Amino acid sequence: MPFRLVSDYQPEGDQGQAIAKLSKSLDAGNMHQTLLGVTGSGKTFTMANLIQHHQKPTLIMSHNKTLAAQLYSEFKNFFPHNAVEYFVSYFDYYQPEAYIPRSDTYIEKDSSINDEIERLRLSTMGSLLTREDTIVVASVSCIYGLGSPEDYANMMVPVWVGQKLTREDFLNSLVGMLFERNDIAFGRGKFRVRGDVVEVHPAYLDETAIRVEFFDDEVERITSIHTLTGHTIDRLENHTFFPAKQFVTPGDKMKRATLEIRKEADAQVAKFEKEGKLIEAQRLRMRTDYDLEMMAEMGFCQGIENYSRHLTGREPGARPHTLLDFFPRDFLLLVDESHATIPQVGGMYEGDKSRKTVLVEHGFRLPSALDNRPLRFEEFMEMTGQRVYVSATPGPFEIVNSRPENKTFIPVKSEVNGLKVAMFDFKKLKVKPSGNDEPLEKFDPTRRGTPLVVEQIIRPTGLLDPVLILRPLKGQIDETIELCRQRVERKERVLVTTLTKRTAEDLSEYLQGTGLKVRYLHSDIDAVERVEILRQLRAATFDILIGINLLREGLDLPEVSLVCILDADKEGFLRNETSMIQTAGRAARHIGGECVLFCDKITDSIQALIDITEYRRTRQQAHNEKYGITPQSVKRALQQSLQTHEKEREQAEKLNSSMVAEDVQTYDKVRVIAELEEEMREASSRLEFERAAHLRDQIAALKTTAPPQVTKPVKYPAGKKGRARK
């Protein structure tokens with residue numbers, strides 16, 4: 001189906017001109033363009049309009065799972081008739097294999113796979129191979145090794161009504177796709193057989209299985225069924241079964257790969273023995289022999305991805321297959337928060353190579369393990385087509401490369417032509433952005449030398465950028481306390497940023513001693529708990545949140561009206577121009593938004609923040625006056641508190657107060673835990689991370705305590721007396 005945007009909103013502010021200019025640039029064939037969109041300007045809606053205009057499969061990249069989940073949810077709503085997929089790392093916990101020579105410490109790979117995310121990844125791969133109307137929201141996980149798309153496609157099994165196919169051939173095909181037969185515990189990636197009826201639960205479907213019924217050597221009927229009840233959902237004319245695993249290898253390739261692995265192992269062992277490294281030689285021989293035996297008997301082994309070069313038949317040094325190989329050659333790339341995502345893509349390769357080189361040198365892995373790696377940056381750029389970089393603070397890479405004459409890319413780092421390039425310092429680049437001041441009819445996306453940096457700085461709500469206030473460092477804590485008290489009295493929220501975790505914790509404790517309700521947030525707090533802390537801030541469980549670097553891009557907190565940046569003149573990573581602009585932007589969703597910077601001198605970063613804020617406020621104010629717009633604070637519904645579920649349960653118990661109790665019983669704790677775990681998985685699949693965290697805590701509490709004694713309430717049947725029946 002064509003990409004069709006479904007929304008109750010129309011482009012407002014300067015969204016219309018941004019959509020028109022970027023669309024014109026894409027139509028002109030430009031490879032790089034940048035959308036400079038401020039916080040709260042509706043960048044996601046603009047991206048959705050570009051997808052509808054361009055009508056090409058699209059990859060949307062984000063630099064972390066949380067932001068990717070938000071984008072996935074939004075694009076699912078924007079494109080309900082198209083395939084919107086979610087592709088991030090499927091590890092809840094991941095400890096990579098490593099070796100520390102100094103202490104002779106070997107760390108074995110340890111991981112915990114999230115089944116729901118694995119299902120979404122498989123669904124992504126299937127959609128890309130079978131549908132042209134696919135949008136994928138992904139993290140940097142998309143540049144890591146994946147199975148070959150050719151092998152994956154060749155192992156797919158299409159089945160249709162009336163097809164000449166024996167049951168035995170169909171079962172053999174399922175086994176070849178790594179499905180497991182289990183007639184008792186029916187789950188994803190499994191199938192069961194009852195006479196001429198085969199029921200398959202594809203790994204990419206949640207609660208839906210496919211029932212294939214045979215008559216003699218012919219497919220008689222295909223139906224989709226509910227996995228729990230077995231009830232028929234729909235009659236199907238055909239269905240295509242995808243492999244049950246992300247890494248699949250045909251049998252002939254597996255045999256050829258084992259011979260190549262054995263050959264490489266013999267050569268590497270001989271090399272170690274020649275160099276007198278007998279321990280390394282023995283270690284490598286034992287590891288490789290064990291892995292080859294497992295692959296021969298079971299079809300897989302622990303760490304099989306380290307043999308991916310042989311399994312896929314690639315040449316030494318060749319790039320691995322990734323999710324990008326599943327896309328058609330001509331697809332659109334949207335890089336969200338590009339100032340953070342682009343550097344992250346560029347930094348993955350070297351870190352992975354450093355760790356694996358040590359493993360190879362000490363005999364833990366074959367040299368071919370180095371080819372199981374993420375893409376190098378230049379490989380990533382070669383595999384992508386037209387790109388739109390989206391950020392409120394685009395970096396030098398985006399600005400310099402967003403020119404019509406750049407058909408590939410320029411690997412910009414921190415300097416351009418010997419000059420340090422600030423994010424918005426177009427004067428040093430001797431160019432100006434293609435901003436709102438240029439009418440669409442005069443906008444020329446083929447003009448050489450001018451970066452295609454399209455501004456979107458007018459918010460649909462009419463809100464201006466936060467007012468900047470500079471205060472001296474002396475007495476910054478006392479001043480912060482007074483500012484916080486003023487905001488709390490107005491029932492507004494405050495964000496405070498410090499330079500270290502210790503300072504955040506100590507300041508939080510100190511402010512609590514003054515009677516303020518305060519929490520801190522930093523990287524030691526796990527991701528699920530961070531979501532709950534932010535929800536509690538919005539719900540006024542506390543009023544002030546103290547953080548370091550997490551209070552930046554991606555946080556949508558309409559209740560925050562004040563941001564305090566302590567030690568703002570300590571120039572560095574946490575106080576550079578990007579950090580300043582992103583942090584100040586957290587107060588841009590409130591009509592009374594202010595940002596207070598405590599400093600004794602105006603650094604280059606502070607001056608850049610002042611300049612860009614003045615420029616934006618002037619443009620925003622002029623737009624409001626021209627169209628008679630009255631600014632309004634952003635209003636967004638607060639997600640239901642997890643404690644609400646407990647209150648509802650208590651109210652239900654009160655309503656049942658007229659019930660008569662049966663004999664006191666002990667509930668089945670195992671059954672209750674199983675039910676809660678199922679609810680937790682369902683909440684996670686719906687991206688309701690707060691509820692999933694709450695259920696997780698309940699499960700943990702049940703596992704560590706003895707089951708309490710509870711009563712089972714039963715109502716008297718109407719018109720009856722005496723003891724009620726069950």
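This report describes strand pairing, burial, salt bridges and surface charge in a predicted model.

## The six-strand open sheet

Six strands form an open sheet in the order 10-11-12-13-14-15, and their pairing is mixed. Its edges are strand 10 (180-181) and strand 15 (232-236), each of which pairs on one side only.

At the strand 10 edge, the neighbour is strand 11 (residues 190-194); the two run parallel and are joined by two bridges. Within this pairing, glutamate 180 stands opposite lysine 190 of strand 11.

## The loop at aspartate 216 and the acidic patch

Strand 13 (208-215) and strand 14 (218-226) are connected by a loop that contains aspartate 216. Both strands belong to the open sheet of six strands. Aspartate 216 has a positive phi of about 60°, although it is not a glycine. Its relative accessibility is 61%, so aspartate 216 counts as exposed, the cut-off being over 50%.

Aspartate 216 is also one of the residues in a patch of negative charge on the surface. The other members of this patch are Asp169, Asp196, Asp217 and Glu220.

## Strand 21 and its parallel partner

Strand 21 (residues 453-456) is covered on both faces. Val453 and Glu455 are buried on one side, and Val454 and Gln456 are buried on the other. The buried residues of strand 21 thus include glutamate 455 and glutamine 456 as well as two valines.

Strand 1 (residues 32-37) runs parallel to strand 21, and four bridges join the two. One bridge partner pair is threonine 34 with valine 453 of strand 21. Valine 453 is itself among the buried residues of strand 21.

## Strand 23 between strands 25 and 26

In strand 23 (residues 493-497), five of the five residues are buried. Arg493, Leu495 and Thr497 are on one side, with Val494 and Val496 on the other, and both faces are covered.

Strand 23 has parallel pairings with two strands. With strand 26 (residues 560-565), strand 23 shares five bridges in the parallel sense, and valine 496 stands opposite cysteine 564 there. With strand 25 (residues 544-547), strand 23 pairs over four bridges, also parallel; here valine 494 stands opposite isoleucine 544. Valine 494 and valine 496, which take part in these facing pairs, lie on one side of strand 23.

## The loop after strand 26

The loop between strand 26 and helix 17 (577-584) holds aspartate 567. Aspartate 567 has a positive phi of about 50° and is not a glycine.

Aspartate 569 forms a salt bridge with lysine 570, and the closest N and O atoms are 3.4 Å apart. The two partners fall into separate burial classes. Aspartate 569 has a relative accessibility of 7% and therefore counts as buried, the limit being under 20%. Lysine 570, with a relative accessible area of 39%, is partly exposed.

## Salt bridges

The structure holds 39 salt bridges. One of them is formed by lysine 356 and aspartate 352, with the closest N and O atoms 3.5 Å apart. Lysine 356 and aspartate 352 are separated by about one helical turn because they are four residues apart in helix 10 (residues 338-361). Both lysine 356 and aspartate 352 are buried.

Another salt bridge joins lysine 271 to glutamate 275, where the closest N and O atoms are 3.0 Å apart. Lysine 271 is partly exposed at a relative accessible area of 40%, and glutamate 275 counts as partly exposed at 41%. Salt bridges also link Glu97, Arg287, Asp291 and Arg365 in a network.

Methods:
Residues are numbered from 1 along each chain as its sequence is written. This is a predicted model: local features need pLDDT of at least 70, side-chain atom pairs count only at pLDDT 80 or more; totals for chains, interfaces and linings use all residues. Side-chain values use heavy atoms; hydrogens and water are left out. Patches are made of residues with over 30% relative accessible area and no salt bridge: like charges are joined within 9 Å, nonpolar side chains (Val, Leu, Ile, Met, Phe, Trp, Tyr) within 5 Å. Accessible areas come from the Shrake-Rupley method with a 1.4 Å probe; for residues, only the protein chains shown count as cover. A salt bridge is a side-chain nitrogen of Lys or Arg within 4 Å of a carboxyl oxygen of Asp or Glu. Lys and Arg count as positive and Asp and Glu as negative; His and the chain ends are not counted. The place of a charge is taken as NZ of Lys, CZ of Arg, CG of Asp or CD of Glu. Buried means under 20% relative accessible area, exposed over 50%, partly exposed in between (1.4 Å probe, protein chains only). Two strands pair if DSSP finds at least two bridges between them.
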